[in-house]
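Here is a set of exercises to work through with the structure open beside you. Try each task before reading its solution.

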Amino acid sequence: MPASRRARQPSTLELLLGRKSSDSGVTELVGVAVLWLGGSVVLLRKSSVFAVLFTWQRGGSSRWQRAALRYPVLVLLHCSSIFLTGCLQQRVTTKWTQNIARKLHRLLFQKQNFHRLHPETKDSIISEADLHVCRDIYDMARATSEVAVALIEALVKTTVFAGSAILHKKWLGGLFPP
């Protein structure tokens, strides 16, 4: 087929985003941002409680006892935010996998492009090609969702910890988050 008549290939973003806004995974990514915002505040609070525990090591004081009771709760909240982020990332991966598969099926069966998949010689036969394609689609969606979640986490944590450092005038604390 001449280059001038070749159909435009969809971009990665067009493959990931579905036809409906509920299929795009944006809601889950906003949820990740909110979770990490809360998780970062919990981290800041946890570090201040840990400082109290470390300062008053011998215990006995009521301030140390309150900190000793708060610390496990803060650890539980932090672990919960990490777990829920993983759940939301998996939902994004699932939605993006479905969107890519739908789009590729549409492209494959439009104008009977599926005939081009069949090899012309027996040497070029790929066993279980459909499984390879499905696995590659899932791997691509998973890797892309990991990058998106890591980017959101980095942006939120940088903003929260830099804001805390500026607010408390502890510039060194902004460089080394808890």
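The exercises below deal with a predicted model, and each comes with a worked solution.

**Exercise 1. Find out which residues have the most contacts inside the largest nonpolar core, and which helices supply it.**

Step 1: Start with the core itself. The largest nonpolar core has 19 residues, and Leu29, Val32, Trp96, Ile100, Ile152 and Val156 have the most contacts inside it.

Step 2: Now look at where the core residues come from. At least two of them are supplied by each of α1 (12–16), α2, α3 and α4 (129–168). The helix that gives the most is α4, with 8 residues.

Step 3: Check for anything left over. Another core, of 6 residues, lies apart from this one, and Val42, Val49, Val52 and Ala67 are among its residues.

Step 4: Pick one core residue and list its neighbours. Setting aside residues up to four places away in sequence, tryptophan 96 touches Leu16, Ser24, Gly25, Leu29, Ala141, Thr144, Ser145 and Ala148.

**Exercise 2. Decide whether threonine 93 is buried or exposed, and list what it touches.**

Step 1: Place the residue. Threonine 93 sits in helix α3, which covers residues 62–109.

Step 2: Apply the cut-off. Buried means under 20% relative accessible area. Threonine 93 has 1% relative accessibility, so it counts as buried.

Step 3: Name the neighbours. Once residues within four places in sequence are left aside, threonine 93 is in contact with Tyr138, Ala141, Arg142 and Ser145.

**Exercise 3. Do the same for histidine 78: is it buried or exposed, and which residues does it touch?**

Step 1: Histidine 78 is another residue of helix α3.

Step 2: The relative accessible area of histidine 78 is 13%, so this residue is buried.

Step 3: Not counting residues up to four places away in sequence, histidine 78 touches Trp36, Gly39, Val42, Leu43 and Lys46.

**Exercise 4. Work through the salt bridges: how many are there, and which residues are linked in a network?**

Step 1: Recall the idea. Side chains of opposite charge can pair when their charged atoms come close.

Step 2: Get the total. The count comes to 5 salt bridges.

Step 3: Take a pair that spans two helices. Glutamate 28 and arginine 91 meet through their side chains, at 2.9 Å from N to O. This pair links distant parts of the chain, with glutamate 28 in helix α2 and arginine 91 in helix α3, 63 residues apart.

Step 4: See how covered each partner is. Glutamate 28 has a relative accessible area of 5%, so it is buried. Arginine 91, at 47% relative accessibility, is partly exposed.

Step 5: Widen the view. Glu28 and Arg91 belong to a network of salt bridges that also links Lys95.

Step 6: Turn to pairs inside one helix. Aspartate 139 forms a salt bridge with arginine 142, their closest N and O atoms being 3.6 Å apart. Both lie in helix α4, 3 residues apart, which is about one turn of the helix. Aspartate 139 is partly exposed at 30% relative accessibility, and arginine 142 is partly exposed at 32%.

Step 7: Add one further pair. The side chains of glutamate 153 and lysine 157 meet in a salt bridge at 3.1 Å, N to O. These two residues are also in helix α4, 4 residues apart, again about one turn of the helix.

**Exercise 5. Find how many aromatic pairs there are, and explain why the pair of phenylalanine 50 and tyrosine 71 gets its label.**

Step 1: Search the whole structure, and you find 1 aromatic pair.

Step 2: Look at the geometry. The ring centres of phenylalanine 50 and tyrosine 71 are 5.9 Å apart and the planes are at 40°, so the pair is tilted.

Step 3: Locate the partners. Phenylalanine 50 is in helix α2 and tyrosine 71 in helix α3, 21 residues apart, so the pair links distant parts of the chain.

Step 4: Check the exposure. Phenylalanine 50 is partly exposed, with a relative accessible area of 45%, and tyrosine 71 is partly exposed at 24%.

**Exercise 6. Which residues form a nonpolar patch on the surface?**

Step 1: The patch is made of Leu17, Val26, Val30 and Val34, with about 330 Å² of accessible area together.

Step 2: Zoom in on one member. Valine 30 is in helix α2, residues 26–55, and is partly exposed, with a relative accessible area of 47%.

Notes:
Residues numbered from 1 in each chain as written. Predicted model: local features only at pLDDT ≥ 70, side-chain atom pairs only at ≥ 80, totals over all residues. Heavy atoms only, no water. Buried < 20%, exposed > 50% of the residue type's maximum accessible area, 1.4 Å probe, protein only. Contact = heavy atoms within 4.5 Å. Patch = residues over 30% accessible without salt bridge, like charges linked within 9 Å, V, L, I, M, F, W, Y side chains within 5 Å. Areas by Shrake-Rupley, 256 points an atom, 1.4 Å probe, with all protein chains shown as cover. Salt bridge = Lys/Arg side-chain N within 4 Å of Asp/Glu carboxyl O. Core = buried A, V, L, I, M, F, W, Y, C linked by side-chain atoms within 4.5 Å. Phe/Tyr/Trp six-rings, centres within 6.5 Å; stacked < 30°, edge-to-face > 60°.
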